[in-house]
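Below is a brief report on one protein model. It starts with the empty space, then turns to the framework around it.

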Amino acid sequence: MNHSRGGSRPSIAEVHARDVTPLDFEGASLRSDAFRALAPGTPTPLGATPCGGGVNFSVFSKHATGVELLLFDSADQKAARVVRLDPTTNRTYHYWHMFIPDIAAGQIYGYRAQGPWDPASGMRFDPDKILLDPYGRGVLVPKGYSRDAARKPGDNAPTAMKSVVVDATAYDWEGDVPLRRPSAQTIIYEMHVRGFTRHPSSGIDEKSRGTFAGLIEKIPYLQQLGITAVELLPVFQFDAQECPPGKVNYWGYAPVSFFAPHQAYSSRQDPLGPADEFRDMVKALHRAGIEVILDVVFNHTAEGDEIKPTLCFRGLDNTVYYILEKDRSRYADYTGTGNTLNAHHPVVRRMILDSLRYWVEEMHVDGFRFDLASVLARDSSGQPIPNPPLLWDIESDPALAGTKLIAEAWDAAGLYQVGSFIGDSWKEWNGRFRDDVRAFFRGEPGSTARVADRLVGSPEIYGHEEREVEQSVNFVTCHDGFTLNDLVSYDVKHNEANGENNRDGADDNHSWNCGVEGPTDDPAIERLRNRQVKNFLTLTMLSLGMPMITMGDEVRRSQFGNNNAYCQDNEISWFDWTLVEKHADILRFVTLLNARRILRTKAHERQRISLNQLIRQARKTWHGVRVGQPDWSHDSHSLAFEVELQQEQLRLYLILNAYWEPLRFELPPVPDPGTASWRRWIDTSLDSPQDIVPWQTAPLLPYQTYQAAARSIVVLFGAVEDRLLSA
């Protein structure tokens, strides 16, 4: 039987005959009186819901002609029980449902669906294949899981992923609630759950390395660092085999479930372990004052294009879940992954909203970063629409009120919406901040005026919307691209380990190796690289907006020049904890920088306020090497920026020198030399511990000029209030 060329499909009766005969249910035949105790069930809620001494199952399929529910005793065996849903009694509209008594949370299950096999019309039903429940709260992956078996003809029950019944209400949260920290007081740390503790140097026991439990053990480190939110790369169950041969899908941008935590991230491998351990992690992070933001992928799935496997959505209703080309046998691809989820369809829209509500209400997460969010602004034909219903639904949903919504405001098909993404509360990854800050400290002509705009919240991009400056999520690096260390150590990418002859990954990185490609023992180059790393961190933290740093940048983590390490589940991607000691000076710098973002001032005695908020309210003046004379020319490589808060009696003076030689900058006069003077807080050209100091120990400057070293940032402040010095 050739599944790739169309043709007839076997009936469910034929599948029974060669696969699973009607087995006993609690010791009775499926046709016995005991089995007739099964109830028709209800179409709502979707998924598998424990209730009334059993479980109600409900799944959507408009075009299926038959649906089977399969119950398993383990993930790597054939079904122990098969229940055929009667289209008369177990179907309401397009919802297939059944109540089964005497089973509970932890039950393993899956579906098979019969219907037309007609790729030309978009129909791809395959009654051989075990299908995940789109609303399944848990997923088990058998040790012998085979993505290939889900693509080829034949039964794949022993090697297929299965869903797990989870009781979302059974967990004891001990009073935990989402933190709702203001965006102005948020510092995001983008991190990978597995990569954070998988390295042997992490000090975590083997069982917990690379898991939610391992992350819990490292919470004190995150607290010391001073971040206020972790943004976790995808933690929804994904297909680790969706990658080139011999590699592993490490990043996780290959979802197969929008409700289940990734099984491999749990130190517990029992059916309920991943959900419970994820909640343990959220609760522990909240107790430490750290929010949890999930990187969510609602733009595509791991099922890929027309030659890839049937795992869930394709086998339940292909034409509903995916955007198809005019040639209905082919998938529209606006994501670069082979398919595009049809987020404009009402069933898919509801699934996405239900997923978000679940993670907020039942799993207590604090926000979401939407991968390739611009895809969600396309209609069912793939065309961008001005008021995408799904995006407005997400923003206006009362269950999501107060959560952080962050958009990666572009897609892989050329749609770029930074500064024009829909809505009133969405924040945006500011890709232009990344590019312009990199360009400036690389010494590219014409970048000074652009970096000045990024420093004050990118009004050129966002000013027309009259929103808070935190609409801009400021970052210089993220998981996708060079690490901060590699940004200052490599001129070009080195992705040979990915097996694609270095063709993958971005070529335009605005990077500079400081004179040598890759690692070096030259102390002068190492000092310059340290300086550049501190420059990037300083601008990220002091620019108006919501700052984000990437896991390990605070200790110069390297990926050895790989700027697309999506398939590298090894030391290329893992956090090497020996770097904490090796680059303790950079870690100290970031820690003190983060700590200074929150102040207690004269006007805010009862609550702390972010330095970001104060700068936003202040009078700001641009200068150059001479006071009052900023150089906006194409060849300029320097800038000075004065911030004056008269009510707080605080002044800040930022000097940016991206020139390859030192420059001496005039300083504005101090209004009352008898009570205040300029103090040096930061000079990235100095060695630790002089590069950044606590405000109360900041040295007074005796002169009215300051020489800024080549490629450095200097931050001075003037304060007459002791409270500010010790805040």
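## Cavities and pockets

The largest cavity holds about 100 Å³ of space. This is a predicted model. The search covered the whole structure and found six cavities of 30 Å³ or more.

Which residues line the largest cavity? One run of its lining is Glu-190, Met-191 and His-192. Leu-233, Tyr-250 and Trp-251 also belong to the lining, as do His-479, Thr-550 and Met-551. Arg-557, Gln-559 and Ser-573 complete the list. By class, the lining of the largest cavity has five nonpolar, five polar and two charged residues.

Open space comes next. The largest pocket has about 1,100 Å³ of space. Its lining is made by 35 residues. Those nearest the centre of the largest pocket are Trp-251, Glu-408, His-479, Asp-480 and Asn-564. Trp-251 and His-479 are named in the lining of the largest cavity and in that of the largest pocket. Helix 9 (residues 431–442) gives the largest share of the lining of the largest pocket, with three residues.

The second largest pocket has a volume of about 510 Å³. Its lining counts 26 residues. Val-141, Pro-142, Gln-263, Ala-264 and Gln-269 lie nearest the centre of the second largest pocket.

The table sets out volume and lining class for each space.

| Space | Volume | Nonpolar | Polar | Charged |
|---|---|---|---|---|
| Largest cavity | about 100 Å³ | five residues | five residues | two residues |
| Largest pocket | about 1,100 Å³ | twelve residues | 13 residues | ten residues |
| Second largest pocket | about 510 Å³ | 13 residues | seven residues | six residues |

## Overall build

How many helices and strands does the protein have? Its secondary structure comes to 17 helices and 28 strands. The radius of gyration is 28 Å, close to the 27 Å that the globule rule gives for 727 residues, so the protein is as compact as a globular protein of that length. Along the principal axes, the C-alpha trace spans about 95 × 55 × 50 Å.

## The barrel

Eight strands close into a barrel. Their order is 12-13-14-15-16-17-18-19, and the pairing is parallel. Neighbouring strands of this sheet are turned against each other by 30 degrees on average, direction ignored. Helix 5 (residues 273–287) packs on the sheet. Helix 5 touches strand 13 (229–232) and strand 14 (291–296), and its direction makes about 135 degrees with that of strand 14.

Strand 18 (residues 472–474) and strand 19 (residues 546–550) run parallel and are joined by two bridges. Asn-474 stands opposite Pro-547 in strand 19. Helix 13 (residues 523–542) lies across strand 18 and strand 19. Helix 13 runs at about 150 degrees to strand 19.

## A helix pair

Helix 6 (residues 313–321) and helix 7 (residues 346–361) have axes that come within 10 Å. The two axes cross at roughly 115 degrees. On the helix 6 side, Phe-313, Val-320 and Tyr-321 make the contact. On the helix 7 side, Val-347, Val-348 and Met-351 do so. What classes do the residues of this contact fall into? Six are nonpolar, with no polar and no charged residues.

## The open sheet

Five strands form an open sheet in the order 4-3-7-11-10, with antiparallel pairing. Strand 4 (81–85) and strand 10 (138–140) are the edge strands, each pairing on one side only. Neighbouring strands of this sheet are turned by 35 degrees against each other on average, direction ignored. Strand 10 runs antiparallel to strand 11 (residues 162–164), and three bridges join them. Gly-138 stands opposite Val-164 in strand 11.

## Backbone details

Where does the backbone turn cis? The peptide bond from Thr-44 to Pro-45 is cis, with omega near 0 degrees. Pro-45 sits in the loop between helix 1 (12–18) and strand 1 (47–51). A cis peptide bond also joins Ser-688 and Pro-689, with omega about 10 degrees. Pro-689 is in the loop between strand 26 (679–683) and strand 27 (705–708).

Asn-501 is not a glycine, yet has a positive phi of about 55 degrees. Asn-501 is placed in the loop between helix 12 (484–487) and helix 13.

Notes
Residues are numbered from 1 along each chain as its sequence is written. This is a predicted model: local features need pLDDT of at least 70, side-chain atom pairs count only at pLDDT 80 or more; totals for chains, interfaces and linings use all residues. Side-chain values use heavy atoms; hydrogens and water are left out. Two strands pair if DSSP finds at least two bridges between them. Helices (H or I, at least four residues) and strands (E, at least two) are DSSP runs, numbered from the N terminus. Axes are lines fitted to C-alpha atoms, for helices over the stretch in contact, and angles run from 0 to 180 degrees between N-to-C directions. Contact means heavy atoms within 4.5 Å. Ala, Val, Leu, Ile, Met, Phe, Trp, Tyr, Cys and Pro count as nonpolar, Asp, Glu, Lys and Arg as charged, and the others, Gly among them, as polar. On a 1 Å grid over the protein atoms alone, a cavity is a set of points where a 1.4 Å probe fits but cannot get out, and a pocket is an open set with protein on both sides within 12 Å along at least five of seven lines; lining residues have an atom within 4 Å of a point. Grid points are joined across faces, edges and corners, and a volume is the space filled by probe spheres set on the points. The radius of gyration is taken over C-alpha atoms; the globule rule is 2.2 Å times the number of residues to the power 0.38.
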